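Hello,

Here is the structure I said I would pass on. My notes on it follow below.

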Amino acid sequence: MISRYKFSLLLSIMIFYLSLKNADELNKVQFLNIPHFDKIAHFSMYFVLMLVIIFETRNSAIKIGSLLLLSIIPFLYGIFLEILQSTITTTRNGNAYDVIFNSLGIILSILFWLTIRSVYKKKFR
C-alpha cells in the first residue's frame, strides 16, 4: 500500500522538513527578492501535493465527492504543520494566511484536474 502512495509520502516528508527547517537558513536563500514569496511557496507545495495525491488515486477519484474527501488530507496536514511551527520551533510561527494559501493550492489543483479530465474524457475513464 505504501508503494502506491510513495510520491505523495515523499512530497509530504519534504514539506514537513521545509516547514520545520530553521527560518534563518531559509531566509538566506532569497529568490529574486519577491515579496511574500513564502505564500507562493505554500500555494505551490500544496498544489503539487494535491495533484500527486489525485494522480496516485486517479482511478478511484472519479467523483467530485471523492476529490473533496481526498483534499481533507493535505488540508489537515497543512494545519498540523502550522501548529507545529508555532509550538516546537523558535524561528517559525504558525500563520493563518499560510493555511489560506495551502487551501488555495489544494482547490486550484482540484479545478485543474477536473478541467484536464473533462478535456481528455476518454483517457481518464
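**Notes on the model**

I72 is part of helix α4, which covers residues 64-88. Please keep in mind throughout that this is a predicted model. With a relative accessible area of 40%, I72 is partly exposed. Together with L69, F75 and L76, I72 makes a nonpolar patch of about 380 Å² on the surface.

As for the fold, the chain has five helices and zero strands, giving the pattern α-α-α-α-α when read along the sequence. Of the 125 residues in the chain, 34% are buried. The exposed area of the chain is about 8500 Å², and 70% of that comes from carbon and sulfur atoms. Taking contacts between residues at least 6 apart in sequence, 77% join residues that are at least 24 apart.

Next, the charged side chains. Side chains of opposite charge can pair when their charged atoms come close. The structure holds two salt bridges, and D38, K39 and D98 are linked by them in a network.

One salt bridge joins K39 to D38, with 3.0 Å between the closest N and O atoms. K39 has a relative accessibility of 12% and therefore counts as buried, the cut-off being under 20%. D38, at 37%, counts as partly exposed because its value falls between the 20% and 50% limits.

The other salt bridge is formed by the side chains of K39 and D98, at 2.6 Å from N to O. K39 belongs to helix α3 (residues 37-56) and D98 to helix α5 (residues 96-119), so this pair ties together parts that lie 59 residues apart in sequence. D98 is buried, its relative accessible area being 5%.

Then there is E56, which also lies in helix α3. What is the nearest side chain of opposite charge to E56, and how far away is it? It is R4, 7.3 Å away; E56 is buried but has no salt bridge. The reason is the distance: a salt bridge needs the side-chain nitrogen within 4 Å of a carboxyl oxygen. R4 is nevertheless in contact with E56, as are Y5, K6, F7 and S8, when neighbours of E56 within four places in sequence are left aside.

To recap the two buried acidic residues discussed here: D98 has a salt bridge with K39, whereas E56 has none.

Regards

Conventions: Residues are numbered from 1 along each chain as its sequence is written. This is a predicted model: local features need pLDDT of at least 70, side-chain atom pairs count only at pLDDT 80 or more; totals for chains, interfaces and linings use all residues. Side-chain values use heavy atoms; hydrogens and water are left out. Buried means under 20% relative accessible area, exposed over 50%, partly exposed in between (1.4 Å probe, protein chains only). Helices (H or I, at least four residues) and strands (E, at least two) are DSSP runs, numbered from the N terminus. Patches are made of residues with over 30% relative accessible area and no salt bridge: like charges are joined within 9 Å, nonpolar side chains (Val, Leu, Ile, Met, Phe, Trp, Tyr) within 5 Å. Accessible areas come from the Shrake-Rupley method with a 1.4 Å probe; for residues, only the protein chains shown count as cover. Lys and Arg count as positive and Asp and Glu as negative; His and the chain ends are not counted. Contact means heavy atoms within 4.5 Å.
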